[in-house]
Amino acid sequence: MRARYGVPLGITAVGAAGLLYSAGFEARSFRLRRVTVPVLPAGMRPLRVLQVSDIHMVGGQRKKQRWLRSLAGLRPDFVINTGDNLSDPEGVPEVLDALGPLMEFPGAYVFGSNDYYGPTLRNPARYLLEKAQGRHGLNGNAPAVGVTHNPWEDLRDGFDTAGWLNLTNTRGMLKVEGVSVELTGVDDPHIKRDRYERVAGGPSDDADFSMGVVHAPYLRVLDAYTADAYPLVLAGHTHGGQICIPFYGALVTNCDLDTDRVKGLSRHRAEGRTSYLHVSAGCGASRYTPFRFACPPEATLLTLVGRE
């Protein structure tokens, strides 16, 4: 009897322990990463940019809310929110409350698909299947039907009232102690809402520094930003792979970006130009897959310094 059932029971116990760890501990083990990026013109003072992404707020996530509020203590020059704030149609007040102290600083945002639509229960194995078939989001898949519509307008109004710039397929300008920072954004490519042609043309001559912002780092958008000579692009969406294999890394990115660049700072090349790309692993997960393994939730403080 022991020989027949010992191994399956052992595997089940290990699996259960892994789920308990990934949902009960690691998914709540919030981290701050610090990255230095040499992208500013020579002689410009450093800029400290706080990137928050993929909050996926669900009602009652008090620890996450406290941690987000505490980030205001970093005193960044400005804040960039790269989308997917919601995983609960009732979560808007809690998102605005958690980000309230950060909205005292200059900032800007783009939305992700989960800001517009509620999550659905999916088999996680479908991400591997879609990767193998080259299908991601609505890019190759049939349009979603019967989905829950989130109150994204309330979220937008809250951010706008605080003075954050809405970068939905448009440009905006922040003044940071006399420095003009141009931000160029597109709506979420994961659901084909990006309209880069509306913002094409590269950095403005009257900006001291320009950067691109997008939720999902699809190659078509990264190529466009890089070809237009933006020195830096910020993105989220990937969750860093969310469930990673120790000493190996992520299995999927949920877009057409390669897994080697699923999170953190890297370089992107297109049409003979090179840009820095920073992909945040985000600080949340869908309410239906509240797990993270070998990929703790995070926000990032980027220090932008002069080019080498």
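Begin by selecting Ser87 together with Arg287, where the side chain of Ser87 reaches the backbone nitrogen of Arg287 at 2.9 Å. The model on screen is a predicted one, and every value given along this tour is computed from it. Keep Ser87 selected and trace the chain on either side, and you will find that this serine sits in the loop between strand S3 (78-81) and helix H3 (92-99). Is Ser87 buried or exposed? With a relative accessibility of 0%, Ser87 counts as buried, since the limit for that class is under 20%. If you now display its surroundings and set aside neighbours within four places in sequence, the residues in contact with Ser87 are His56, Met57, Val58, Pro119, Ala285, Ser286 and Arg287.

Stay in this loop and move to Asp84, which also lies between S3 and H3. Its backbone deserves a look, for phi of Asp84 is near 55 degrees, a positive value in a residue other than glycine. Asp84 counts as buried, at 3% relative accessibility.

Next, step back into strand S3 itself and select Asn81, which at 1% relative accessibility counts as buried. Which residues touch Asn81 once neighbours within four places in sequence are left aside? They are Val52, Leu99, Ala108, Tyr109, Val110, Phe159 and Trp164. Two of these contacts, Leu99 and Phe159, are worth keeping on display, as Leu99 belongs to H3 and Phe159 to H6, the pair of helices that comes next.

Select helix H3 and colour its buried residues, which are Val92, Glu94, Val95, Ala98 and Leu99. They lie on the same side of H3, because the arc they cover around the axis is only 165 degrees. Among the elements that cover these buried residues are helix H2 (62-70), strand S3 and helix H6 (152-161).

Bring H6 into view beside H3, and look at how the two helices are arranged: they pack at an angle of about 20 degrees, with their axes 9 Å apart. H3 is therefore roughly parallel to H6, angles under 35 degrees being counted in that way. The crossing of H3 and H6 is right-handed. To see where they meet, show Val92, Val95, Leu96 and Leu99 on the H3 side, and Asp154, Leu155, Gly158 and Phe159 on the H6 side.

Now select H6 alone, in which Leu155, Gly158 and Phe159 are buried. Because they cover an arc of only 95 degrees around the axis, these residues are on the same side of H6. What do the buried residues of H6 pack against? Their partners are S3, H3, strand S4 (107-109) and helix H4 (113-116). Follow the chain out of the helix and you come to Gly163, a residue that follows H6 and has a positive phi, near 95 degrees.

Continue along the chain to Asn169, in the loop between strand S5 (165-166) and strand S6 (170-176). Here too the backbone is worth inspecting, for phi of Asn169 is near 50 degrees, a positive value in a residue other than glycine. Asn169 has a relative accessible area of 9% and is buried.

For the next stop, go back to the loop between helix H5 (125-133) and H6, and select His136. His136 counts as buried, at 11% relative accessibility. Show its contacts, not counting residues up to four places away in sequence, and you will see Glu130, Lys131, Asn141, His190, Tyr218, Asn254, Cys255 and Asp256. Add Ile191 to the selection as well: His136 and Ile191 are 55 residues apart in sequence, while their C-alpha atoms are 9.1 Å apart in space.

Finish at Asp206, in the loop between strand S7 (179-185) and strand S8 (209-213). Is Asp206 buried or exposed? With a relative accessible area of 58%, Asp206 is exposed, the limit for that class being over 50%. Not counting residues up to four places away in sequence, Asp206 touches Met173 and Ser180. With Ser180 still displayed, draw a line between the two C-alpha atoms: Asp206 and Ser180 are 26 residues apart in sequence and 7.9 Å apart in space.

Note on methods: Residues are numbered from 1 along each chain as its sequence is written. This is a predicted model: local features need pLDDT of at least 70, side-chain atom pairs count only at pLDDT 80 or more; totals for chains, interfaces and linings use all residues. Side-chain values use heavy atoms; hydrogens and water are left out. Helices (H or I, at least four residues) and strands (E, at least two) are DSSP runs, numbered from the N terminus. Buried means under 20% relative accessible area, exposed over 50%, partly exposed in between (1.4 Å probe, protein chains only). A polar contact is a pair of N or O atoms within 3.5 Å; within protein, one must be able to donate a hydrogen and the other to accept it, and residues adjacent in sequence count only if both atoms are side-chain atoms. Contact means heavy atoms within 4.5 Å. The arc is that of the directions from the helix axis to the C-beta atoms. Axes are lines fitted to C-alpha atoms, for helices over the stretch in contact, and angles run from 0 to 180 degrees between N-to-C directions. Angles under 35 degrees count as roughly parallel, over 145 as roughly antiparallel, 65 to 115 as roughly perpendicular and the rest as oblique. A crossing is left-handed if the near helix is turned anticlockwise from the far one by less than a right angle, and right-handed if clockwise.
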